[in-house]
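Subject: Structure handover

Hello,

The structure is below, with notes on what turned up when going through it. Please read them alongside the coordinates.

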Amino acid sequence: MSQRDATPAGQTRPLILLVEDEASLATMLRYNLEKEGFRVCEAGDGEEALTLVAERRPDLVLLDWMLPSLSGIEVCRQLRRKPATRDLPIIMLTARGEESDKIRGLNTGADDYLTKPFSLPELMARARALLRRAQPVPQKGQLSWGDISMDLAAHRVTRASRPIHLGPTEFRLLQFFLQHPGTVFSREELLDAVWGPDIYVEPRTVDVHIRRLRKALNCDTESDIIRTVRAAGYALDAESAA
């Protein structure tokens, strides 16, 4: 880790866990991340990554897919199983560029996915965007609809008094839906509202996070409140709340 833990203004700089077994790439990424103001700790394999996270929770993980001893996919899966790291922001880095691989990575729990070789400015932009989304929502108050309640100050969600555990992207997605119940939004509109207009994310990414949000919200006896509108997009379905 770098020696300075805080900015001149006294604010703690984000800590990024870089999980990469290719030494030259890890050195280059660390140099540029620290140059951009991040603190960095490194792991060369999956087991070491899990150990470091258990010792000190980072603000974001840059996770290579192909790792010795334990793959990045399995590391991601294990992090998502634990309550303490269920909402830890994760960007998957991999040479596997097929759409099926991207979908698998996102379905496993990654918040974002970059295919090697990637540009450093894009990586920095995606990391900053994900860190922004992971921050507690500054607004006070609550949003509610049907049996769902969202406490913006405490960053908590319940459904029928049952705690709902959401990652940062799913939280912002649900917040947007709660602010606009009954309105149908296209994938592109959701990308602009939740991910931001300056970040390029493939439209199919929305589908993955919608599935993740549905899984968190819906138990066997509860209705699916996210309505899929064919060829149009998604909406918080007013009829399901009745």
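Cys219 is partly exposed, with a relative accessible area of 35%. Please bear in mind that this is a predicted model, and that every value here is computed from it.

Cysteines. Cys76, by contrast with the partly exposed Cys219, is buried, at a relative accessible area of 0%. Zero disulfides came out of a search of the whole structure.

Cis peptide. The bond between Lys116 and Pro117 is cis, and its omega is near -5°. Pro117 sits in the loop that runs between strand 5 (112-115) and helix 5 (120-134).

Positive phi. Two serines should be looked at here, Ser69 and Ser161.

- Ser69 has phi near 75°, which is a positive value in a residue other than glycine. Its place is the loop between strand 3 (60-64) and helix 3 (72-81). Ser69 counts as exposed because its relative accessibility of 57% is over the 50% cut-off.
- Ser161 has phi near 70°, again a positive value in a residue other than glycine. The loop that holds Ser161 joins strand 8 (156-159) and strand 9 (162-164). With a relative accessible area of 67%, Ser161 is over the 50% cut-off and is therefore exposed.

When you open the model, the places to go to are the Lys116 to Pro117 bond, the loop with Ser69 and the loop with Ser161.

Regards

Note on methods:
Residues numbered from 1 in each chain as written. Predicted model: local features only at pLDDT ≥ 70, side-chain atom pairs only at ≥ 80, totals over all residues. Heavy atoms only, no water. Disulfide = S-S within 2.5 Å. Buried < 20%, exposed > 50% of the residue type's maximum accessible area, 1.4 Å probe, protein only. Helix = DSSP H or I, 4+ residues; strand = E, 2+ residues; numbered from the N terminus.
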